[in-house]
Amino acid sequence: VAWAWDGGTSTVSNTDGSVTTSVRANPAAGFSIVGWSGHGSGSATVGHGLNAAPELIILKGRTNAGAWVVGSDYIGWGNRLELNTASASSSASADFNSTAPTSSVFTVGSNQGSGNKIAYCFAPVAGYSAFGSYTGNGSSDGTFVFTGFKVRFLIIKQYDGTNGWFMWDTERDSINPNTALFSANASNAEQSQANHAIDFLSNGFKTR
C-alpha cells in the first residue's frame, strides 16, 4: 500500500525566507516538499510555496541523524511530536522557534541549524484535506469528528500519551467499522484491531 500526494510539476528556487529553498509545491492540493541547507545558529525562515499557512509540517535531517520532527497548529509550534516514535508531545521551542507558519514561510530554530533538510508541508484544502484535534470520550460510541468530506486516509496520534501513529484507509478496508490498522512509527504488519475501529462517514469520521 502507498499513499501519494500530487506535488506539482516543477521544482523551483524559493527566496521568500532568510534561506533559499528548493520547492516542489501544489497549492491546489495543499502540499509542498521543501529542501534547504542548515542555516547555522539562531533561527531562520523557510519558504514553502503554498500561498497558505501549513497546519502540519514533517521535517527530517538528510545528512545528520535525528527524529522525524512533526510540528502542528494543534500541539503548538513550541512543541513537537516524532513520526518515528510513539512519544507524547514535548516542549521543543528550538525546532520551529515557537513561531506559527505564515502563508509564505515557516520558521526553524537552532535544533535545525546544521546539515541538509527536507520538509513535507500540508495546508488544509476545503473538501480535500483537513487537520485538527479532538478529545476522545473513552466509549465504544466514540467521538465524531467533522471534516466536511468523506475521508479516504486517516492518521490519529494521541499527543498527551504514548499511543502510536495509527493509520486507516478505505482502500485496504472499505466497510465500516474499518479495523485494518497500521502504525507509522512501527514495522508491524497490518493488524485487524476491533478496539481501534473507525467509521468513515460522508462528512467526517467516528471513533469506535
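This is a guided tour of a predicted model, moving from one selection to the next.

**Strands β6, β7 and β8**

Begin by selecting strand β6 (residues 69-72) together with strand β7 (residues 79-82), which run antiparallel and are joined by 2 bridges. Within this pairing, V70 stands opposite L81 of β7. Between the two strands of the hairpin there are 6 residues, and in this hairpin G76 takes a positive phi near 90°. Now extend the selection to strand β8 (residues 90-91), which pairs with β7 in the antiparallel sense, again over 2 bridges. Here the residue to display is R80, whose bridge partner in β8 is S90.

**From R80 to helix α1**

Keep R80 on screen and add D95, because the side chains of these two residues meet in a salt bridge, with an N to O distance of 3.0 Å. The pair links distant parts of the chain, since R80 belongs to strand β7 and D95 to helix α1, 15 residues apart. Both R80 and D95 are buried.

**The loop after α1**

Step forward to the loop between α1 (93-96) and β9 (105-108), where N97 is found. N97 has a positive phi of about 60° although it is not a glycine, and S98, which lies in the loop between α1 and β9 as well, has a positive phi near 55°. These backbone angles deserve a careful look, because most residues other than glycine have a negative phi. N97 counts as partly exposed at 32% relative accessibility, and S98 counts as partly exposed at 45%.

**G115 and its contacts**

Select G115 next, in the loop between β9 and β10 (116-122); at 30% relative accessibility, this glycine counts as partly exposed. Leaving aside residues up to four places away in sequence, G115 touches W36, S37, G38, T63 and N64. If you then draw a C-alpha to C-alpha line from G115 to S183, it spans 28 Å in space, for a pair separated by 68 residues in sequence.

**A nonpolar surface patch**

Show the surface and colour V1, W3, W5 and Y128, which form a nonpolar patch with about 400 Å² of accessible area together. Of these, Y128 is found in the loop between β10 and β11 (144-146), and its relative accessible area of 42% makes it partly exposed.

**Further salt bridges**

A search of the whole structure finds 8 salt bridges, and two more of them can be displayed here. In one, D169 forms a salt bridge with R172, the closest N and O atoms being 2.6 Å apart; D169 is buried, with a relative accessible area of 2%. In another, D199 forms a salt bridge with R208, with 2.8 Å between the closest N and O atoms. Is each partner of this second pair buried or partly exposed? D199 is buried at a relative accessible area of 10%, whereas R208 is partly exposed at 35%. Add D141 and K206 to the selection, and you will have the network of salt bridges that links D141, D199, K206 and R208.

**A cis peptide bond**

For the final stop, select N176 and P177, where the peptide bond from the asparagine to the proline is cis, with omega near -5°. P177 is placed in the loop between β13 (165-169) and β14 (180-183). This bond merits attention because most peptide bonds are trans.

Definitions and conventions: Residues numbered from 1 in each chain as written. Predicted model: local features only at pLDDT ≥ 70, side-chain atom pairs only at ≥ 80, totals over all residues. Heavy atoms only, no water. Helix = DSSP H or I, 4+ residues; strand = E, 2+ residues; numbered from the N terminus. Buried < 20%, exposed > 50% of the residue type's maximum accessible area, 1.4 Å probe, protein only. Contact = heavy atoms within 4.5 Å. Patch = residues over 30% accessible without salt bridge, like charges linked within 9 Å, V, L, I, M, F, W, Y side chains within 5 Å. Areas by Shrake-Rupley, 256 points an atom, 1.4 Å probe, with all protein chains shown as cover. Salt bridge = Lys/Arg side-chain N within 4 Å of Asp/Glu carboxyl O. Pairing = 2+ DSSP bridges.
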